[in-house]
Amino acid sequence: MSHENCLFCKIASGEIPSTKVHEDEEFLAFYDIRPAAQTHVLVIPRRHIATLSDCVESDAPLLGRMMVLAARLAEKLGCSYTGGETGFRTVINTGPGGGQEVYHLHAHLLAGPRPWLRMG
Ligand code: 5GP
Ligand code: ZN
């Protein structure tokens with residue numbers, strides 16, 4: 001069930017459109033509407049979890065799979081770490097103190113030439 005009035009639940013259900021990079025039973029990845037870098041993708045679980053602070057021990061496998069998915073998507077998008085100066089950044093903002101704007105857990109996947117507009 002999607003969480004009422006949650007923007008990313010609505011994106012996960014398709015009610016609000018997004019430019020998808022990946023979807024499976026558990027996760028969705030789509031381009032950030034206000035990209036901070038050349039590559040800026042958000043990876044979300046379909047299940048509504050508001051913040052990383054809400055995660056408990058039983059969420060550890062989901063969090064692990066989310067980070068491994070981010071690494072696979074970096075490969076798919078051509079920004080994986082393959083030596084030299086290559087690589088990407090993953091960021092999870094938590095709460096106002098962490099700069100979180102949307103309260104549905106998500107990992108940012110950022111890559112590309114500096115400077116970035118945010119999260120650089
Ligand atoms: P946060 O600040 O919560 O870590 O990141 C939320 C991100 O969601 C921001 O980078 C923002 O640009 C992105 N965002 C906000 N609304 C939408 C939307 O409707 N569609 C997409 N694709 N991204 C969004
Ligand atoms: Zn949600």
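This is a short walk through one predicted model, from its zinc site to its backbone oddities.

Hi everyone, thanks for coming. Please keep in mind that what you see above is a predicted model.

Let's start with the metal. Which residues coordinate the zinc ion, ligand 2? Two of the donors are sulfurs, SG of Cys6 and SG of Cys9, and the other two are nitrogens, ND1 of His48 and ND1 of His104. The distances run from 2.0 to 2.3 Å. The angles among the four donor atoms are 107 to 116°, and the site is tetrahedral. For those of you who build metal parameters, the ideal angle for four tetrahedral donors is 109.5 degrees.

Now look at where these donors sit along the chain. Their spacing reads C-x2-C-x38-H-x55-H. Take Cys9 and His48 as a pair: Cys9 is in helix 1, residues 7-13, while His48 is in the loop between strand 3 (39-45) and helix 2 (60-76), so the two of them tie together parts that are 39 residues apart in sequence. Are these two donors buried or exposed? Cys9 has a relative accessibility of 2%, so Cys9 counts as buried. His48 comes out at 21% and counts as partly exposed. The cut-off for buried is under 20%, so please read the label on His48 together with its number.

Next, the pocket. The largest pocket holds about 470 Å³ of space. How many residues line this pocket? There are 22 of them, and those nearest the centre are Phe8, Asp32, Ile33, Leu42 and Val102. Helix 1 and strand 2, which spans 27-31, each give at least two residues to the lining. Helix 1 has the largest share, with three residues. If you are thinking about chemical character, the lining splits into eleven nonpolar, seven polar and four charged residues.

On to charge pairs. As general background, side chains of opposite charge can pair when their charged atoms come close. In this model the count is six salt bridges, and I'd like to show you some of them.

The first on my list is Arg34 with Glu101, at 3.7 Å from N to O. This one spans distant parts of the chain, 67 residues apart: Arg34 is in the loop between strand 2 and strand 3, and Glu101 is in the loop between strand 4 (89-91) and strand 5 (107-111). Arg34 is partly exposed at 45% relative accessible area, and Glu101 is exposed at 64%.

Then there is Asp59 with Arg47, at 2.6 Å from N to O. Both partners lie in the loop between strand 3 and helix 2, twelve residues apart. What I like here is the contrast in accessibility: Asp59 is buried at 5%, whereas Arg47 is partly exposed at 44%.

Another pair sits within a helix. Arg72 and Glu75 form a salt bridge at 3.0 Å, N to O. Both are in helix 2, three residues apart, which is about one turn of the helix. Arg72 is partly exposed at 43% relative accessibility, and Glu75 is partly exposed too, at 42%. Besides these pairs, Lys20, Glu23 and Arg46 are joined into one network by salt bridges that share partners.

A quick stop at strand 2, where we find Leu28. Its relative accessible area is 0%, so Leu28 is buried. How far apart are Leu28 and His106 in space? The answer is 9.7 Å, C-alpha to C-alpha, with their positions 78 residues apart in sequence.

Last topic: the backbone. In general, most residues other than glycine have a negative phi, and most peptide bonds are trans. Here are the places to check if you plan to look at the torsions. Arg114 and Pro115 are joined by a cis peptide bond, with omega at about 5°. Pro115 is in the segment after strand 5. Met119 is in the segment after strand 5 as well, and has a positive phi of about 55° without being a glycine. Met119 is partly exposed, at 23% relative accessibility. Back at the start of the chain, Asn5 has a positive phi of about 65°, again without being a glycine. Asn5 sits in the segment before helix 1 and is exposed, with a relative accessible area of 63%.

That's my tour. Thanks for listening, and I'm happy to take questions!

Definitions and conventions: Residues are numbered from 1 along each chain as its sequence is written. Chains are lettered from A and ligands numbered from 1 in the order in which they are written. This is a predicted model: local features need pLDDT of at least 70, side-chain atom pairs count only at pLDDT 80 or more; totals for chains, interfaces and linings use all residues. Side-chain values use heavy atoms; hydrogens and water are left out. Donors are N, O and S atoms within 2.8 Å of the metal (3.2 Å for Na, K and Ca); water is not among the atoms, so sites may look incomplete. Four donors count as tetrahedral if all angles lie between 85 and 135 degrees; four count as square planar and six as octahedral if opposite donors are over 155 degrees apart and all others between 65 and 115; anything else is irregular. Helices (H or I, at least four residues) and strands (E, at least two) are DSSP runs, numbered from the N terminus. Buried means under 20% relative accessible area, exposed over 50%, partly exposed in between (1.4 Å probe, protein chains only). On a 1 Å grid over the protein atoms alone, a cavity is a set of points where a 1.4 Å probe fits but cannot get out, and a pocket is an open set with protein on both sides within 12 Å along at least five of seven lines; lining residues have an atom within 4 Å of a point. Grid points are joined across faces, edges and corners, and a volume is the space filled by probe spheres set on the points. Ala, Val, Leu, Ile, Met, Phe, Trp, Tyr, Cys and Pro count as nonpolar, Asp, Glu, Lys and Arg as charged, and the others, Gly among them, as polar. A salt bridge is a side-chain nitrogen of Lys or Arg within 4 Å of a carboxyl oxygen of Asp or Glu.
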